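Please work through the following exercises with the sequence and the three-dimensional model side by side. Each task is followed by a solution that goes step by step.

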Amino acid sequence: LFSSKERLAEIISHDSDAVASTSSGEQKKEGPFQKHALRRKRLNGSNGPNANGPVQSNGKKSSLKEDGRNITIVTTAALPWMTGTAVNPLLRAAYLAKDGSKSVNLMVPWLAKSDQQRIFPNGVTFDSPDEQEAWVKQWLKKRTGFTPDFKLTFYPGRYAPEKCSILPVGDPTKYVPDSAADVAILEEPEHLTWYHHGRRWTDKFSHVVGVVHTNYLDYARREDGGSSKELLLRHINNWVTRIHCHKVIKLSDAVQDLPRQTTEFVHGVADSFLSVGEKKSKMRSDGAPRFSKGAYFLGKCVWAKGYTELIDLLSQNKDQLGGEVTVDCYGTGEDLNDVKLEARKRDLNLEFLGARDHLDESLHEYQVFVNPSMSDVVATTSAEALAMGKWLVCAEHPSNAFFSQFNNCLIYRNDEEFVQHMKHALTHEPAPMTTEDKQRLTWEAATERFLNVTELSERDLTPGPLTSTVDAAAWLTHNSLCGVEPLRAAAGAGINTRDNPECLQSFQPDASGGGMFDRR
């Protein structure tokens, strides 16, 4: 480590001399950091990272609207694990590829059978990536109503139960040929690169955008020693996104400030949810209510996903709600037994009904979706509930800013308003959505927002020499630290996860626990 620091100081000194001598007119050989900066300036020419493939930028900016772009979307989860980072990147890939003008490749983690058994619902497992791909494509066709033409590829991953997350094993960039390395969309860029040892994403790809899905700081602060963990994680997230992204998209301002950030909700809902809403908007011929069930909540059953807030709100306002309000809960997760126990202790009317796809017919009849989560960046389930024509009862919070423009969204600021909104929503039918509201929720509208916000300017692509030097120094330091196996294990990356396995299916996760900073 000390030799790495000495080498880093030597390189920075060399580059500083090179920059100074160049500005005075003296010709001097470039240092490695300066070479990196010059390479970035040549990005739009034949010497860029796509020298073996088509050059896509016009010399001033880079836009995903251009025909022929080669887009690789990399995410941290895959179906049948019904989590937002599995569903939304899959739908993004489908709608980006829909018009056939772009080549789209979705990269998802492949898990060993033991990890599949831990997180895939209903006992579903796969013996090969081909088998899982067929399952995913079938689900996607049912969800969207069309068969999109995009590639689905895999990189090796391991499930880290102490983080409730999947981590990459080895360097995922190695699974993309250089000739296809044009645009990279990193879904959860911080998560993908916490322990990344290998090629820098912005060296491999000419256009790299990160999409931040998860409020990891909220998770960290709920743990033992939460304040210290939150502070450390805040700096790490800043560091790795700066290293690996030209631009970062935050779905809402519920997450921390990050380098090169912009805020835009770039997710939508599949037409199948809107079809349910259209059906439920019509009056029944027998004059019966359009909805026959009351309130429900759907989400992964971990405390941080809204169950803490839900139990507290129902417990503190039991008398005001009349004691008869029942909320049906759908989801499985590591904290399910503890959540059930706490609900029983407080004598709450919570029914736990297991995992269910949000589009399942058994959920169509609910009139109210209550989502009190304060950890979400933006809850996909909330958007889906609105699309299905339901009331949405949620807290005033940056994660709900997009939803606040919809008539059927009831925002509460305190316990009193929560009680008022719950009573109103349970006793009054929601109004059918307007055409404008429906359009805002579509994946077509979300894709258009995504194409607009992912455009990179010349400044994004060619930062000044100082910025390039600092970024490269940060990468060199992080890459060196992440190359030390004992340090990786202590930090929570897992044992023997630095190098790519000989073949995708050969990696078997070690059964040891997490690192020194993990959940307690």
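The exercises below move from the whole chain to its sheets, then to helix packing and aromatic rings.

The model is predicted, so that local features need pLDDT of at least 70 and side-chain atom pairs count only at pLDDT 80 or more, while totals for chains, interfaces and linings use all residues. Residues are numbered from 1 along each chain as its sequence is written, and side-chain values use heavy atoms, with hydrogens and water left out.

**Exercise 1. The whole chain**

Find how many helices and strands the chain contains, and what percentage of its residues count as buried.

Step 1: Helices (H or I, at least four residues) and strands (E, at least two) are taken as DSSP runs and numbered from the N terminus, and the chain has 19 helices and 16 strands.
Step 2: With buried meaning under 20% relative accessible area, probed at 1.4 Å over protein chains only, 55% of the 520 residues of the chain count as buried.
Step 3: Contact means heavy atoms within 4.5 Å, and among the contacts in the chain with a separation of 6 or more, 70% come from residues 24 or more positions apart.

**Exercise 2. The sheet with mixed pairing**

Determine the order of the strands in the open sheet of 8 strands, and which of them stand at the edges.

Step 1: Two strands pair if DSSP finds at least two bridges between them, and the order in this open sheet is 5-4-3-2-6-7-8-9, with mixed pairing.
Step 2: Strand 5 and strand 9 each have a single partner strand, so one side of each is left without a neighbour in the sheet.
Step 3: From one strand to the next the twist averages 30 degrees, where axes are lines fitted to C-alpha atoms and angles run from 0 to 180 degrees between N-to-C directions.
Step 4: Strand 4 (residues 151-160) has 8 of its 10 residues buried; with strand 3 (residues 103-110) it pairs in the parallel sense over 6 bridges, and Trp-110 has Pro-156 as its bridge partner.
Step 5: Strand 4 and strand 5 (residues 165-168) run antiparallel and are joined by 4 bridges, with Ala-160 partnered by Ser-165 and Gly-157 standing opposite Pro-168.
Step 6: The hairpin of strand 4 and strand 5 has 4 residues between the strands, and Cys-164 there takes a positive phi near 55 degrees.

**Exercise 3. The parallel sheet**

Establish which strands are the edge strands of the open sheet in the order 12-11-10-13-14-15.

Step 1: This sheet is formed by 6 strands, and the pairing is parallel.
Step 2: Strand 12 (350-352) and strand 15 (409-412) are the edge strands, since each pairs on one side only.
Step 3: Strand 14 (residues 391-395) runs parallel to strand 15 and is joined to it by 4 bridges, and Leu-392 stands opposite Cys-409.
Step 4: Helix 14 (residues 415-427) packs on the sheet, where it touches strand 10 (293-298), strand 13 (366-371), strand 14 and strand 15, and its direction makes about 160 degrees with that of strand 15.

**Exercise 4. Two helices that cross**

Work out at roughly what angle the axes of helix 3 and helix 16 cross.

Step 1: The axes of helix 3 (residues 84-97) and helix 16 (residues 443-453) come within 10 Å and cross at roughly 85 degrees.
Step 2: Angles of 65 to 115 degrees count as roughly perpendicular, and helix 3 and helix 16 are therefore roughly perpendicular to each other.
Step 3: Residues of helix 3, including Asn-88 and Tyr-95, meet residues of helix 16, including Trp-443 and Phe-450.

**Exercise 5. Aromatic rings**

Decide what kind of pair the rings of Phe-265 and Phe-402 form.

Step 1: Rings of Phe, Tyr and Trp (its six-membered ring) pair if their centres lie within 6.5 Å, with planes under 30 degrees apart counted as stacked, over 60 as edge-to-face and the rest as tilted; the count comes to 19 aromatic pairs.
Step 2: The ring centres of Phe-265 and Phe-402 are 4.5 Å apart and their planes are at 45 degrees, so the pair is tilted.
Step 3: Phe-265 lies in the loop between strand 9 (261-263) and helix 10 (271-280), and Phe-402 in the loop between strand 14 and strand 15, so the pair ties together parts that are 137 residues apart in sequence.
Step 4: Both Phe-265 and Phe-402 are buried.

Key: Buried means under 20% relative accessible area, exposed over 50%, partly exposed in between (1.4 Å probe, protein chains only). Angles under 35 degrees count as roughly parallel, over 145 as roughly antiparallel, 65 to 115 as roughly perpendicular and the rest as oblique.
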